[in-house]
Amino acid sequence: MDIQESISQLKKNKKVYIYDSDVYLNQKWQHYQNKEKKFWEYEVKRPDYNSNPKEHIRPSLKHWNIDTSYFKDKTVLEIGSGPFGFFAGVSQMNKGHLPKVLVMADSLMEFYQQFEISNLIPENAIQLQAPGEDMPLPDGSFDIILTNNTLDHVKNCDDFLKEIKRLLKPNGHLLFCAHFITAIAKPFKPIIKKIDTNHSYHFTQPDIEKLFDRHRFNLISKVSVPLYKEEMIPLEAKFFKKCIYVIGFHIMQTLYGVADLKRKN
Ligand SMILES: C[S@@+](CC[C@H](N)C(=O)[O-])C[C@H]1O[C@@H](n2cnc3c(N)ncnc32)[C@H](O)[C@@H]1O
């Protein structure tokens, strides 16, 4: 079965194909998903919120050392797209560089349809609601899988990487970025976990690298950037919240990476 055939078996609500995976039964992860819903409900109403998809994808393109033509004619899956995803940015930069086949997946895709910004998703994209740990798609389908700022939100990062490995073509590439806490902040992880209840994982950089190694991914390139260099503190945040942001942006970094599958010896 190919991608189109697999997708066509699923039920559909407006633009989104829906897969009812057992992963959704996990209460602990549902707590994080509810937090994510609240975050976006708040975010889209913020007076200074500007989705700006082009600006959103610029750091990733720079740190992966690619331009949008990288995706042209490829079969691509984005996992954890959020309400508009990486390819809204590609579409605004150069429509002609959109992938030949594009699946944009998020565990909350159906929920995101209520937001006007979801109309920024390119028309040729297949919109799929499914968890990255369990995708209703055939083995070895994708040249590129892209997952930005999602690894630390998933239910189970091992199952997530196993599934990516299953879905990638043998010579495919995984492009990702993920937040991590710096080595200095590691002793404070129990406190960070208490304050930041939005993330299921609080990795350090070595944790992420070990995770990739465990699943036989080869990190072809990696760049880490402190959050304060690329993220903006919301203007309307109250003083105490602004202080938390300032501390958070100094003890957290983003790891941008490109990986491929290690060859079997
Ligand atoms: C922080 S948002 C990032 C959104 C977007 N990629 C960005 O960079 O702005 C994380 C997204 O991952 C999704 N997510 C969380 N767990 C997931 C899972 N197991 N499978 C697929 N998506 C997941 C969330 O619903 C959310 O939309």
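Is Asn65 buried or exposed? Asn65 is exposed, because 11 other C-beta atoms lie within 10 Å, where a residue counts as exposed with 12 or fewer other C-beta atoms within 10 Å of its own, as buried with 20 or more and as partly exposed in between, the C-beta atoms being placed from the backbone.

The structure is a predicted model, in which local features need pLDDT of at least 70 and side-chain atom pairs count only at pLDDT 80 or more, while totals for chains, interfaces and linings use all residues. Residues are numbered from 1 along each chain as its sequence is written.

**The sheet**

Helices (H or I, at least four residues) and strands (E, at least two) are taken as DSSP runs and numbered from the N terminus. Nine strands form an open sheet in the order 1-2-5-4-3-6-7-9-8, with mixed pairing, where two strands pair if DSSP finds at least two bridges between them. Strand 1 (11–13) and strand 8 (217–226) are its edge strands, each pairing on one side only, and from one strand to the next the twist averages 20 degrees.

Strand 7 is mostly covered, since eleven of its 14 residues are buried. Strand 6 and strand 7 run parallel and are joined by six bridges, whereas strand 7 and strand 9 (residues 252–261) pair in the antiparallel sense over nine bridges. Leu174 appears in both pairings: in strand 7 Leu174 is the bridge partner of Ile145, and in strand 9 the bridge partner of Leu174 is Ala259.

**Helices against the sheet**

Helix 3 (residues 53–64) lies across strand 6, strand 7, strand 8 and strand 9, and runs at about 55 degrees to strand 9; such angles run from 0 to 180 degrees between N-to-C directions, with axes fitted as lines to C-alpha atoms, for helices over the stretch in contact. Helix 8 packs on the sheet as well, touching strand 7, strand 8 and strand 9, and its direction makes about 165 degrees with that of strand 8.

His63 is found in helix 3 and counts as buried because it has 21 C-beta neighbours inside 10 Å. Leaving aside neighbours within four places in sequence, His63 is in contact with Val223, Val225 and Tyr256, a contact meaning that the C-beta atoms, placed from the backbone, lie within 7 Å. From C-alpha to C-alpha, His63 and Tyr256 are 6.3 Å apart in space, although 193 residues separate them in sequence.

In helix 6 (residues 157–167), the buried residues are Cys157, Phe160, Leu161, Glu163, Ile164 and Leu167. Seen down the axis of helix 6, these buried residues fall within an arc of 160 degrees, so they line one face of the helix; the arc is that of the directions from the helix axis to the C-beta atoms. They pack against strand 3 (75–79), strand 6 (142–148), strand 7 (168–181) and helix 8 (205–214). Lys162 is also in helix 6, but counts as partly exposed because it has 13 C-beta neighbours inside 10 Å.

**Two loop residues**

Two residues with a positive phi, neither of them a glycine, are set out below.

| Residue | Phi | Loop |
|---|---|---|
| Asn65 | about 60 degrees | between helix 3 and strand 3 |
| Arg216 | about 60 degrees | between helix 8 and strand 8 |

Arg216 is partly exposed, because 13 other C-beta atoms lie within 10 Å.

Definitions and conventions
Contact = placed C-beta atoms within 7 Å.
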